[in-house]
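Here are some notes for a colleague who is opening this entry for the first time. Please read them with the sequence and the structure side by side.

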Amino acid sequence: MLMSGEEFRESLDRYKPRIFLNGQRVERVSQEARLAPGIAAIGVTYDFARDERHTALMLARQHTSGKTVNRMLHINETSQDLLTKLEAVRLVCREVGCAQRYLTHDALNGIFQATHRADAVHGTDYHQRFTAYLHRVQDEDLTLGVAMTDAKGDRSRRPGQQSNPDVYVRITERRKDGIVIRGTKAIVTAAPYVHEFLVMPCRTHVAGDEDFAVCCAVPCDAEGVTIVTRAAGRPGDPAAKFSSKYGQATGAVMFDDVFVPWDRVFMAGEITEAGTLTTSYATHHRHSCIGARAGFGDLLIGAGALMVEANGLDPERHAHIREQLVELIKITEGFFACGVAASVYCQKDGSGAVMPDAVFSNIGKLLLATQIYDMHKIAHYVSGGLVVALPGPDEDHNPETAASLAAVLAGREDIPYAQRAEVARLIDDLTVSREAGFYSVISLHGGGSPEAMKREIWRNYPVMEKVELVERLLDRGVLADGSRTSKQPGRCCVTGCEVPKPPLAAE
Ligand SMILES: Cc1cc2nc3c(=O)[nH]c(=O)nc-3n(C[C@H](O)[C@H](O)[C@H](O)COP(=O)(O)OP(=O)(O)OC[C@H]3O[C@@H](n4cnc5c(N)ncnc54)[C@H](O)[C@@H]3O)c2cc1C
């Protein structure tokens, strides 16, 4: 069953989650105006899957069942799958800013691969359990929130060393019929309007951390779950051209002794494979973030070019404006190209699924994380100050000022003031407003802070291969002056391959 966006919204009525928004209880999520932009953004991933113009990108065949499923729920089998997913995420995010549901995809793929690995090592049956769960999620066309980032407390301490243990989600009881979990996941995208949560560990673990190495699926209205959220986008704000319609809420999700039956538990104490799960989700997610932010780049490129036009300038004639637009294109397509490379150089594992290349995924995410601020700057540079100075939309209807403002604040003669104002307000919304700050911070920290990407690049990059290349060249005398005798000590053995003779013996 493939739902429409409207059916997705209505499907939220099947659940009775305990949600608080700005200190008030939300009784019916589907009718909550402050969350409507978030529900609408996810709704686009449903509508596009039923729109024949987009089905090639938005639908996929699940190899384990043979069924056609939404791309946001599909397990990738080939490089082409990854490329198509990358394009699909870009497509929905250029439409709505952030379509959020790709997080479901990334978690499903990460768990699919990690459970297969855990079973091979421990003889468990997590993969079979998870595959059954996956098929149900696909059949019911659900959206799942990713509950990975723990509250973490004092960052310098490990989970078991925290004075308040509830800053990490952990297993507090193992029963015959399931486990009980407790703790807080601090930042969960779309938390108030998903069907279920996938709880996953957010860091690597050491012996003694077994209770923290937990992965399971929890319905949003399971007993003991509380969601504390904020509004999605800028609902009801007439100046918010874009984010009054589409936005994203995040929530803190508290698990207060929540029972999870075994058929929903996909890891419970396997510390090494829980680490594999964290990194494999992160790699899938960073790959998707590249598509998402490229979609945001598309919006800025289009809006920037429109604003330049409304200002009466022609990038063909004004080199400094053209140069800035080219810079914006370079940034956007530069990190997107990393996503393409990560897809092309993917690796298949024993589960039958493919992992995007870790180095290119992390470089792409690192580039967008830091260059998002440059993207905003370029939009400001080419637009001028009107994007922050324009009087609000109410002024458009003030009989005392509207006509005269429209006459003097228009730019190019054949472009009406209303159109120039509209683009200026869009750029304000995307690059200046509170929502713009949201896009910056989600780019910087969403999917892991820059340091996490740098570590992964260093961990996965074949530095030694480059060292060996240069050693080989040196050995062949390409760079040597004849006095070279050794490789670096410790490269291939403790002392180096050719130990220089002590000075005395040499004489
Ligand atoms: C808009 C948004 C949406 C998100 N959506 C989700 C989601 O759906 N699901 C989810 O699970 N997560 C989500 N995240 C969370 C995201 O993954 C985290 O923000 C990210 O991993 C960083 O964690 P943190 O926010 O706790 O910051 P911190 O971990 O506190 O990091 C802050 C800074 O401190 C540094 N630091 C932290 N610990 C140490 C240490 N021990 N030693 C040295 N330096 C350290 C970091 O490198 C960073 O520079 C989202 C984040 C954002 C902003």
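**Notes on the cores, the ligand shell and one loop residue**

1. The largest nonpolar core comprises 110 residues, and the residues with the most contacts inside it are I181, Y193, F197, V218 and F255. Please keep in mind throughout that this is a predicted model. As general background, nonpolar side chains tend to be buried together in soluble globular proteins.

2. Where does the largest share of this core come from? Helix α7, spanning residues 271-310, supplies that share with 12 residues. Because domain 1 (5-276) and domain 2 (282-460) both give residues to this core, the core lies between them.

3. A second core, separate from the one just described, has 11 residues, and A379, V387, Y417 and A421 are included in it.

4. Turning to the ligand, 19 residues surround it, and the closest of these are V146, T149, K152, R155 and T189. Sorted by character, the residues of this shell divide into 8 nonpolar, 8 polar and 3 charged, and the shell draws at least three residues from each of domain 1 (5-276) and domain 2 (282-460).

5. Some individual polar contacts deserve a look in the viewer. On the backbone side, a polar atom of V146 is 2.7 Å from a nitrogen atom of the ligand, while a polar backbone atom of M148 is 3.0 Å from an oxygen atom of the ligand. R155 instead uses its side chain, of which a polar atom lies 2.8 Å from an oxygen atom of the ligand.

6. How much of the ligand does the protein bury? Taken alone, the ligand exposes 960 Å², and the protein buries 66% of that. The elements giving two or more residues to the shell around the ligand are β7 (178-189) and α13 (434-445), and α13 gives the most, with 4 residues.

7. Finally, G312 is a residue that a new reader may wish to locate, and it is found in the loop between α7 and α8 (319-344). Is G312 buried, exposed or partly exposed? Its relative accessibility is 33%, so G312 counts as partly exposed, given that buried means under 20% and exposed means over 50%. G312 and R412 are 100 residues apart in sequence, yet in space they are 4.5 Å apart, C-alpha to C-alpha.

Notes: Residues are numbered from 1 along each chain as its sequence is written. This is a predicted model: local features need pLDDT of at least 70, side-chain atom pairs count only at pLDDT 80 or more; totals for chains, interfaces and linings use all residues. Side-chain values use heavy atoms; hydrogens and water are left out. A nonpolar core is a set of buried Ala, Val, Leu, Ile, Met, Phe, Trp, Tyr and Cys residues joined through side-chain atoms within 4.5 Å. Buried means under 20% relative accessible area, exposed over 50%, partly exposed in between (1.4 Å probe, protein chains only). Domain bounds come from an automatic or database domain assignment. A residue is near a molecule or strand if one of its heavy atoms lies within 4 Å of it. A polar contact is a pair of N or O atoms within 3.5 Å; within protein, one must be able to donate a hydrogen and the other to accept it, and residues adjacent in sequence count only if both atoms are side-chain atoms. Accessible areas come from the Shrake-Rupley method with a 1.4 Å probe; for residues, only the protein chains shown count as cover. Ala, Val, Leu, Ile, Met, Phe, Trp, Tyr, Cys and Pro count as nonpolar, Asp, Glu, Lys and Arg as charged, and the others, Gly among them, as polar.
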